[in-house]
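Here's a short tour of a few residues worth picking out on screen. Have a look at the sequence and the structure first, then read on.

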Amino acid sequence: MAKLKETRAGDWLASRDEPIQMPSIKLPAPVMAFAVEPKSKGDEDKVFTALRRLQEEDPTIDLHRDQQTGEQIVAGLSQVHVEVIVERLHSRFGADVTLKPPRVPYQETIRKPAKAHGRHKKQTGGRGQFGDCHIEIAPREPGEGFEFINAIKGGVIPTGFIPAVEKGVIEAMGQGVVAGYPVKDVSVRLYDGSYHTVDSSEMAFKIAGSLAMKQALEEAAPVLLEPIMLVTVSVPEDVVGDVIGDLNSRRGRPMGMDAAAGMSEVKAEVPMSEMLSYAPDLRSITGGRGEFTMEFLRYEEIPGHLAGKVVEEARADHETVKA
């Protein structure tokens with residue numbers, strides 16, 4: 001049928017113009033994700049528009065931007081599915097892209113309290129810049145997020161400059177001291193400081209807040225966190241042992257198993273970094289008879305022997321960007 005501009009995959013067509021309740025089609029969840037980049041700079045809009053068009057035709061395509069890494073993520077039912085999407089982009093829309101495994105959105109946090117002093121002072125003829133603040137930081141429970149406490153007494157920092165200190169603190173938390181990943185679950189208490197009646201400004205206190213936060217993070221036993229996923233794998237009973245063994249080799253923790261309709265459903269908690277190439281590996285183990293879904297659970301501290309590798313990779317990426 002031609003000229004169905006408003007119709008998408010999954011819509012129902014009926015000859016009567018009245019509301020009809022029809023069952024929705026249950027679509028399989030996409031499991032193979034890639035970061036997609038246009039080969040030519042300036043083609044971002046063209047590629048994104050083309051991907052949206054393809055998603056309208058095929059609702060099993062997942063398309064989103066990772067908020068932390070900034071990467072454009074395309075996910076499909078398998079590697080072949082994603083490769084077909086790339087081929088369609090080229091043949092139908094003239095858009096060429098490259099596929100890369102998505103970056104793991106690591107985060108950082110702290111394990112102990114610390115105090116720090118941030119001072120920004122600059123004098124360059126005429127009006128200078130001056131901001132001075134003392135902060136104390138402490139770890140919070142996982143998931144509690146960021147907290148800023150204003151404990152200034154006696155007006156040692158004017159009220160108008162306190163939001164600037166908070167802005168500087170938040171800015172410093174955007175790039176942690178371990179590997180440059182965002183910092184989470186930290187309480188910051190601003191308890192002392194000083195100002196200059198002429199030279200102090202919001203910018204000066206923002207820089208002072210940022211300097212203090214960076215120093216405090218260094219001294220607060222910072223650690224690297226990795227995302228943990230809940231993986232549900234549905235496989236034939238004869239390969240359950242191999243599947244569980246493979247999940248264990250990926251630092252997975254099996255959480256239980258259910259049997260249904262001749263298939264076994266295995267649940268496990270596995271670090272996201274170990275699951276990036278899982279789809280083809282599962283296909284190989286099960287002879288194409290297995291499927292899996294993945295959902296985010298929480299963040300956990302990454303083991304020390306692996307943290308060093310992540311830090312090295314982050315530094316290499318940073319050097320590449322600078323170059």
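## Two loop residues and a strand residue

Let's start with Ala-221, which sits in the loop between helix 4 (202-218) and strand 10 (222-236). Keep in mind that this is a predicted model.

What is the phi of Ala-221 near? It's near 50°, so we have a positive value in a residue other than glycine. Here's the background: most residues other than glycine have a negative phi.

Now hop along to Arg-251, in the loop between helix 5 (240-249) and strand 11 (253-260). Arg-251 isn't a glycine either, yet its phi is positive, at about 65°.

Our last stop is Met-294, and this one belongs to a strand: strand 13, residues 291-301. Which residues does Met-294 touch, once you leave aside its neighbours within four places in sequence? The contacts are Met-229, Leu-230, Val-231 and Met-275. For a sense of distance, try finding Arg-92 too: Met-294 and Arg-92 are 202 residues apart in sequence, and their C-alpha atoms are 31 Å apart in space.

How open to the outside are these three residues? Here are the values:

| Residue | Relative accessible area | Class |
|---|---|---|
| Ala-221 | 32% | partly exposed |
| Arg-251 | 25% | partly exposed |
| Met-294 | 33% | partly exposed |

Why does Met-294 count as partly exposed? Buried means under 20% and exposed means over 50%, so the 33% of Met-294 falls in between. The 25% of Arg-251 is also in between, so Arg-251 gets the label partly exposed.

Terms used
Residues numbered from 1 in each chain as written. Predicted model: local features only at pLDDT ≥ 70, side-chain atom pairs only at ≥ 80, totals over all residues. Heavy atoms only, no water. Helix = DSSP H or I, 4+ residues; strand = E, 2+ residues; numbered from the N terminus. Buried < 20%, exposed > 50% of the residue type's maximum accessible area, 1.4 Å probe, protein only. Contact = heavy atoms within 4.5 Å.
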